[in-house]
Structures are given as C-alpha cells and as structure tokens.
Amino acid sequence: MPFSHRAAIALRQRPGLRPQDVSQLLTIPLAADPYALNAISYPGWHVERQACHFYVGGMLDFFALQIATDPLALSHFFTDALKISAAWPSGNHWASQAPGKKDSWRQIAYTQALAARRGEPLLFAKAALVLLACELAAEDAMSKGTLSTAAQQALGGSGAGVYSFMSIVPAVWNIDGFNQIFYNSLSDAEIDAIVNAAGQSNRHPITEMANGATVTFETAHAVKGVLLNRVGAVRAKPGAYQGRRSASENERLDLN
C-alpha cells in the first residue's frame, strides 16, 4: 500500500506543540526501519538530504478547515516564519539544527506554499517554514475569531495545534542494488508485480527509483518484499549512486 499520512500520524500521537527539536517535525525518522521501536534519524541526515525529499503532510486538511484560504494567503506569514526559525528555540534554533543548503532558511516564496499544496517534494527547510507559517496563520485566525467550530476543535485552542495533524513526510529511501542494470533485467510481469505491491498506478516511480530517485519507506519496503534477497537492504542513507537524486515526483502518496 502507498504511504498514508493519517495512518502514520495515528501510530505516533503528536502533541499540538511547536517542537524544539526540528527533527520532531518529521512524520517518521530517517532510519532503515522507521517504525522500529525507538527508531531515530541517522546522524547527519540533514547534511546528506539537501535535495527535495520532503512533503508537507496534512495540507489538504489545513485548507479544508479554512484556516487560510489558499497558498497565497498562507505565504503572507512567511516573513514572520523566517524570523522565528532563526530564533526558536533560544540558543539552538531550527535553522542551526538542520542548516541545509545555503540560504534555505533565509528566504521562501509563494511558490513553496503552492508546491506544498500540490503535494510536491520540497527542501526540508522549506517544508519546515511552510509548517511554521501554517501555525502562524492558525494563530492569527484564532485571534480574529474567524475560525469555524471544526477548525477550533482540530487546533485544540492554539495555533500550534496544526502540529497534531500536520508533519513533514520524508521520502529518502532507496534499495542497495536496485539500479538501472538490475531493473532492465526484470520481466514485464516482475515489474508489474512490484508496481502492484507498492500500490502505485504506473511504473514511473519504480523506474525513477532505479535511476537514483528516492521514495517513501512504504514503497521501498514493498519493492524489497517482492525482490527479497535479489537486492540489498532498504536504507534511508544514500548509496554511491542509489538514493542520490531528489524524491520521485510520480510516487502515489496519500498526504492528507
């Protein structure tokens, strides 16, 4: 089955609080088995994962609740989000915890909010800034008394309530040995079996994965489940070639 944001959120109850540890924004940690007991992201993930590997989960729910009317309205909170990310928490702010690419925490445009709404992968810093802007938009709407009853209940009395149903979905996984040469050796029936097991609607994400793109853990795990010992381990870290590109933009996901 493809990745489901709501299912992943349900497995790990998330408090309606802005996390001091920026990695707590992640739905699941960047680990070989992110669902293992006490799994944590591997050291240095924010250095190695500086491409567009991260989705914002819960965006459709956010807009359905009319907390902000559209991505343009949400982008009005980017200026304050930039300031907060460079100061929160005091002495160890988000931008210093996961520095990322040069200037990734220093600027963000409306197009990032639009990409998040469309379900496109972003840089980690951009995804975090979009989430922070969602919190600020919610807080602003609460102060103005413009929220519906459903939105108030979802937020639980605070703009930071967005973190209880929104998170950053990582798509960093790859499989050792699942490369273009191996892919070309598979029969059409074998490829179709992989596509079906991964809950994908076509071959594109699997082909892209063989060409070095990354996917969610669920898709990588499903591919491994079909191929078993014909390929190596599922991993969050990149290999010499595999997992070096950005996330597949064709992977079927449920980001609600």
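The lining of the second largest pocket splits into five nonpolar, three polar and four charged residues. Before we go further, keep in mind that this is a predicted model. The space in this second largest pocket is about 150 Å³. Its walls are made by Leu82, Ser85, Ala86, Ala95, Pro99, Gly100, Lys101, Lys102, Asp103, Ser104, Trp105 and Arg106.

Now for the largest pocket, which holds about 380 Å³ of space. It has 17 lining residues, and those closest to its centre are Arg12, Arg14, Ser23, Gln24 and Leu26. Sort the lining by type and you get ten nonpolar, five polar and two charged residues.

Next come the cavities. How many cavities of 30 Å³ or more are there? The count comes to one. About 100 Å³ of space lies in this largest cavity. It is lined by 13 residues, with Arg49, Gln50, Gly100, Phe124 and Ala125 closest to its centre. Two elements give two or more residues to that lining: helix H2 (45–48) and helix H8 (124–144). By type, the cavity lining has seven nonpolar, four polar and two charged residues. Did you spot Gly100? It is among the residues that line the second largest pocket, and it is also among those closest to the centre of the largest cavity.

**The nonpolar cores**

Here's a handy general idea: in soluble globular proteins, nonpolar side chains tend to be buried together. In this model, the largest nonpolar core has 73 residues. Which residues have the most contacts inside it? They are Phe62, Leu74, Val130 and Phe178. Helix H8 supplies the largest share of this core, 14 residues. So H8 turns up twice in our tour, because it gives two or more residues to the lining of the largest cavity and, counting as a run of helix from 124 to 144, it also brings the largest share of the core.

Let's zoom in on phenylalanine 178. Setting aside neighbours within four places in sequence, Phe178 is in contact with Tyr183, Leu186, Ile206, Met209, Ala210, Val223, Leu227, Val231 and Gln242. There is also a second, separate core of seven residues, which includes Ala8, Val169, Ala171 and Ala247.

**Salt bridges**

The structure holds nine salt bridges. Here are three of them, with the distance between the N and O atoms.

| Pair | N to O distance |
|---|---|
| Glu135 and Arg18 | 2.8 Å |
| Glu48 and Lys237 | 3.2 Å |
| Arg203 and Asp188 | 3.4 Å |

Start with glutamate 135 and arginine 18, which form a salt bridge with their closest N and O atoms 2.8 Å apart. This pair links distant parts of the chain: glutamate 135 is in helix H8, while arginine 18 is in the loop between helix H1 (5–11) and H2, 117 residues apart. Are these two buried or exposed? Both glutamate 135 and arginine 18 are buried.

The salt bridge between glutamate 48 and lysine 237 has its closest N and O atoms 3.2 Å apart. Again, distant parts of the chain are linked: glutamate 48 belongs to helix H2 and lysine 237 to the segment after E4, and they are 189 residues apart. Glutamate 48 counts as partly exposed because its relative accessibility is 33%. Lysine 237 is partly exposed too, with a relative accessible area of 38%.

Then there's arginine 203, whose side chain meets that of aspartate 188 in a salt bridge (3.4 Å, N to O). Arginine 203 sits in the loop between helix H11 (188–197) and helix H12 (204–210), and aspartate 188 sits in helix H11, so the pair ties together parts that are 15 residues apart in sequence. With 29% relative accessibility, arginine 203 counts as partly exposed. Why does aspartate 188 count as exposed? Because its relative accessible area is 52%, and the cut-off for exposed is over 50%. These two residues also have company: Asp188, Asp192 and Arg203 are linked in a network of salt bridges.

**A look at asparagine 256**

Our last stop is asparagine 256, in the segment after strand E4 (234–235). Asparagine 256 counts as partly exposed because its relative accessibility is 23%. Leaving out neighbours within four places in sequence, asparagine 256 is in contact with His5, Arg6, Gly58, Leu60 and Asp61. How far apart in space are asparagine 256 and serine 246? They are 22 Å apart, C-alpha to C-alpha, and ten residues apart in sequence.

Key: Residues are numbered from 1 along each chain as its sequence is written. This is a predicted model: local features need pLDDT of at least 70, side-chain atom pairs count only at pLDDT 80 or more; totals for chains, interfaces and linings use all residues. Side-chain values use heavy atoms; hydrogens and water are left out. On a 1 Å grid over the protein atoms alone, a cavity is a set of points where a 1.4 Å probe fits but cannot get out, and a pocket is an open set with protein on both sides within 12 Å along at least five of seven lines; lining residues have an atom within 4 Å of a point. Grid points are joined across faces, edges and corners, and a volume is the space filled by probe spheres set on the points. Helices (H or I, at least four residues) and strands (E, at least two) are DSSP runs, numbered from the N terminus. Ala, Val, Leu, Ile, Met, Phe, Trp, Tyr, Cys and Pro count as nonpolar, Asp, Glu, Lys and Arg as charged, and the others, Gly among them, as polar. A nonpolar core is a set of buried Ala, Val, Leu, Ile, Met, Phe, Trp, Tyr and Cys residues joined through side-chain atoms within 4.5 Å. Buried means under 20% relative accessible area, exposed over 50%, partly exposed in between (1.4 Å probe, protein chains only). Contact means heavy atoms within 4.5 Å. A salt bridge is a side-chain nitrogen of Lys or Arg within 4 Å of a carboxyl oxygen of Asp or Glu.
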